[in-house]
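Student: Got a minute to go through the aromatic rings in this one with me? Let's pull it up.

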Amino acid sequence: MIKALRFVIASATACLVLAGPSLADSTHVKAKRLLTMEQRALEQASAGHLKKLVTVIPQAIPASVSRSGVQVKYDANWLNAQPKASGGSEWRCLAEALYFEARGETIKGQFAVAEVIMNRVDSKKFPGSVCGVINQGTGRKFACQFTYTCDGRPENIHEPASWARVGKVAKLMLAGAPRGLTKGATYYHTTAVNPKWARKFSRTAKIGVHLFYKP
């Protein structure tokens, strides 16, 4: 890229030199002198200095599209630009699960946790609704499927920005967003624990602070 920049300046200077007689007026003479000076400066400049003169366009984050046509980019800026989300009980249950289970995760990590919940809804081994899956075992302390529903602590939402973000994730997942992150996982746990059940299952992915499994 730096060689290309030098080549462009050199080419422009050469064109002015070849034009010769046609550049009779003082404006073109000054332009020729400026290009010559610029060429000399570029030849003497260090590579580090030249890199600062070049604008690098960041690579676009590819979109993931589901069979239902729902498009998702696992990117905070993209998600923040999506419209504010709201919905019924299923949306509320999924948004709450993401808030209490994964609000500190990356966007990809939040979608991954949502995938597990949606995969369970589709599995005959679990309840057939989002709220049913999330509240399975609730009422028996530390015997539930999602700890926040049975740890005895109040489920209060104190972070509006995080709530708005997971609400959008929940909306997209319920609309049929892709589920390719966890490869069909129906279980997960954080890297801070090592449950016995994990030894019996196949690990499918590690995203952020979560490990994902399926039987």
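Student: So how many aromatic pairs does the count come to?

Tutor: The count comes to twelve aromatic pairs. Rings of Phe, Tyr and Trp (its six-membered ring) pair if their centres lie within 6.5 Å; planes under 30 degrees apart are stacked, over 60 edge-to-face, and the rest tilted. One of them is Tyr74 with Phe111, edge-to-face at 5.2 Å centre to centre and 75° between the planes.

Tutor: Keep in mind that this is a predicted model: local features need pLDDT of at least 70, side-chain atom pairs count only at pLDDT 80 or more, and totals for chains, interfaces and linings use all residues. Residues are numbered from 1 along each chain as its sequence is written, and side-chain values use heavy atoms, with hydrogens and water left out.

Student: Is Phe111 buried or exposed?

Tutor: Phe111 is buried, at 1% relative accessible area, while Tyr74 is partly exposed at 21%. Buried means under 20%, exposed over 50%, partly exposed in between (1.4 Å probe, protein chains only).

Student: What about Phe146 and Tyr188, how far apart are the ring centres?

Tutor: The centres of Phe146 and Tyr188 are 6.3 Å apart with the planes at 55°, so that pair is tilted. Phe146 is buried at 2%, and Tyr188 is buried too, at 12%.

Student: Switching topic: which ring does the charged end of Arg103 sit over?

Tutor: Tyr99, with the charge 4.5 Å from the ring centre. To count, NZ of Lys or CZ of Arg must be within 6 Å of the ring centre and within 35 degrees of the ring normal. Tyr99 also belongs to an aromatic cluster with Trp91, Phe100, Tyr148 and Trp163.
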